[in-house]
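Please find below some notes on this model, set out as numbered points. They are meant to be read with the coordinates open.

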Amino acid sequence: MAEAMDLPEREGMDYDVVIVGAGPAGLSAAIRLKQLDENLSVVVVEKGSEVGAHILSGAVIDPAGLDALLPDWREDPDRPLKQEVTDDRFYFLGPAGGLRLPNFGMPKLMNNHGNFIGSLGNVTKWLAARAEALGVEIYPGFAAAEVLFDDKGAVTGVATGDMGIDRNGEITDRFTRGMELRGKYTLFAEGARGHLTKQLIRRFKLDEGRDPAKYGIGLKEIWQVKPENHKPGLVQHSFGWPLDMKTGGGSFLYHAEDNLVYVGFVVHLNYENPTLSPFDEFQRFKQHPFVRPTLEGGKRISYGARAITEGGWQSVPKLSFPGGALIGCAAGLVNVPRIKGSHNAVHSGMLAAEHLARALADGRSHDEVASYEAAWRSSAIGKDLWTVRNVKPLWSKFGTIGGVVLGGIDMWINSLIGVSPFGTLKHGKADYATLKPIDQVRPIVYPKPDGVISFDKLSSVFISNTNHE
């Protein structure tokens, strides 16, 4: 590839705030900035071909963030969330059945009544329209490829990727140089393990003094089911089978509107057995008697997978640095036992916007807005994560049965009196360090359909073929 010195200079545009990522956090930050000062210039750059294209849709969404950001959202006839939760169930699964856990025994924070079932992709599209109506510029289809720094090392914006480069890295006649989007401050809302966020964490040592980051893999499918199998508003969370009692994870069925069902499976990535396949475990889960009847005769219309940040309170990196800040899943703000993060993403975008707006009003730029970092732990985000901070470490230490029981007790005590008999537990090892050598584990042999079958057909075969349990 041609040397950088041979490339033409990038064209650039200047803004008050540049935001990387048009997810719930980035769009909420953009909206809040314009609410506070309509004269601020704000741009959002999004790698997806359109807003929502890279969102793994289908979730139970706590509306607390939307209520704070746009209190009138429920009155909008085009609102993206319409199906409220009507039935909330928790199960511990075995191979042939399951035990329903009584709702009265669950901590209040685990209650899903008052939440909505819907597409997070549609939520972001709706937020984008609200942001653009306020004057925010949104550029989908342009991935932020490089962080820009000034001579003092502060972030000054991002550059989008060059286009027209072939597979060998050579410039073609269609080459177009990327654009510089320069801002007085830059917010990074890339989601879990964003490539620019990882660079920033290393460069500014934002994880210093924090526990190792923890992750899960979430697999999700959207099914159009038969009307007789559809129960609008039903939320079904489960744990246990098909995972063994040492491997953390959970599963869910969410019945949205229009005969849509979201089915998902999460595996914590600190498992020991290197032959474990989260994808194959997901296929086994869909054969369970509590799941299969819902999907039987239905049609899978979408599927995907994504990383989930699971470290919570102990693993959240420092969120501010010279010239910018982290928000949303880039900051690791998912509440693991609730399997929810979009409400905290919205709250973090709002909180960062409020602190940046004050800094801009004071004539500041490219410095560290340390007040944002100082504020988040005492905010709604911090309160949400503090109460559940020991659930993941307890599960990792004591396995599914002991960990879930102790985690439930700990959430109850934290909810009632704000303290825990365990204090604040450490996560210990990074996920990659938990894997054992393959000769120290029993290989898992997953059943496969006969013959050759493509990836996009595999899920349907597991549902329709009763010979492969």
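1. In which sense do E4 and strand E7 pair, and over how many bridges? The model is a predicted one, and in it E4 and E7 (residues 116-118) are antiparallel, with two bridges between them. Within this pairing, Glu84 is placed opposite Phe116 of E7.

2. The wider setting of that pair is an open sheet of three strands, ordered E3-E7-E4 and paired in the antiparallel sense. Strand E3 (59-61) and strand E4 (83-84) are its edge strands, each of them pairing on one side only.

3. A second antiparallel pairing is that of strand E9 (residues 144-149) with strand E10 (residues 155-160), which are joined by five bridges. Phe149 faces Val155 of E10 across this pairing. The hairpin of E9 and E10 has five residues between the strands, and Gly153 there adopts a positive phi near 90°. The backbone at Gly153 may be worth a look when the hairpin of E9 and E10 is inspected.

4. Helix H5 (residues 278-285) is largely enclosed by the rest of the structure, because seven of its eight residues are buried. The buried residues of H5 are Pro278, Phe279, Asp280, Glu281, Phe282, Gln283 and Phe285. The list thus includes Asp280 and Glu281 as well as Phe279 and Phe282.

5. Is Lys286 buried or exposed? Its relative accessible area is 0%, so Lys286 counts as buried. Lys286 is located in the loop between H5 and helix H6 (292-295). The side chain of Lys286 makes a polar contact of 3.0 Å with the side chain of Gln283, and Gln283 is itself among the buried residues of H5.

6. Salt bridges come next; the count for the model is 25. One of them joins the side chains of Lys184 and Asp16, with an N to O distance of 3.1 Å. This pair connects distant parts of the chain, since Lys184 belongs to strand E13 (residues 180-188) and Asp16 to strand E1 (residues 12-20), 168 residues apart. Lys184 has a relative accessible area of 36% and is therefore partly exposed, whereas Asp16, at 12%, is buried.

7. Another salt bridge is formed by the side chains of Lys426 and Asp211, at 3.6 Å from N to O. Here too distant parts of the chain are linked, the two residues being 215 residues apart. Lys426 is in the loop between helix H10 (391-417) and helix H11 (455-464), and Asp211 is in the loop between helix H4 (195-204) and strand E14 (215-224). Lys426 is exposed, with 62% relative accessible area, while Asp211 is buried at 10%.

8. Arg292 and Glu296 also form a salt bridge through their side chains, with 2.9 Å between N and O. Which of these two residues is buried? Arg292 is, at a relative accessible area of 12%. Glu296, at 34%, is partly exposed.

9. Salt bridges also form a network, which links Arg10, Asp14, Glu146, Glu180 and Arg182.

10. Gly216 is a residue of strand E14, and its relative accessibility of 0% means that Gly216 counts as buried. What does Gly216 touch beyond its neighbours within four places in sequence? The contacts are with Val267, His268, Leu269, Arg306, Ala307, Ile308 and Glu310. As for Ser348, which is 132 residues away from Gly216 along the chain, the C-alpha atoms of the two are separated by 21 Å.

11. On the surface, Met245, Ile401, Val405 and Ile409 make up a nonpolar patch, and their accessible area together is about 330 Å². Met245 comes from the loop between strand E15 (234-240) and strand E16 (249-255). With 32% relative accessibility, Met245 is classed as partly exposed.

Note on methods: Residues are numbered from 1 along each chain as its sequence is written. This is a predicted model: local features need pLDDT of at least 70, side-chain atom pairs count only at pLDDT 80 or more; totals for chains, interfaces and linings use all residues. Side-chain values use heavy atoms; hydrogens and water are left out. Patches are made of residues with over 30% relative accessible area and no salt bridge: like charges are joined within 9 Å, nonpolar side chains (Val, Leu, Ile, Met, Phe, Trp, Tyr) within 5 Å. Accessible areas come from the Shrake-Rupley method with a 1.4 Å probe; for residues, only the protein chains shown count as cover. A salt bridge is a side-chain nitrogen of Lys or Arg within 4 Å of a carboxyl oxygen of Asp or Glu. Helices (H or I, at least four residues) and strands (E, at least two) are DSSP runs, numbered from the N terminus. Buried means under 20% relative accessible area, exposed over 50%, partly exposed in between (1.4 Å probe, protein chains only). Two strands pair if DSSP finds at least two bridges between them. A polar contact is a pair of N or O atoms within 3.5 Å; within protein, one must be able to donate a hydrogen and the other to accept it, and residues adjacent in sequence count only if both atoms are side-chain atoms. Contact means heavy atoms within 4.5 Å.
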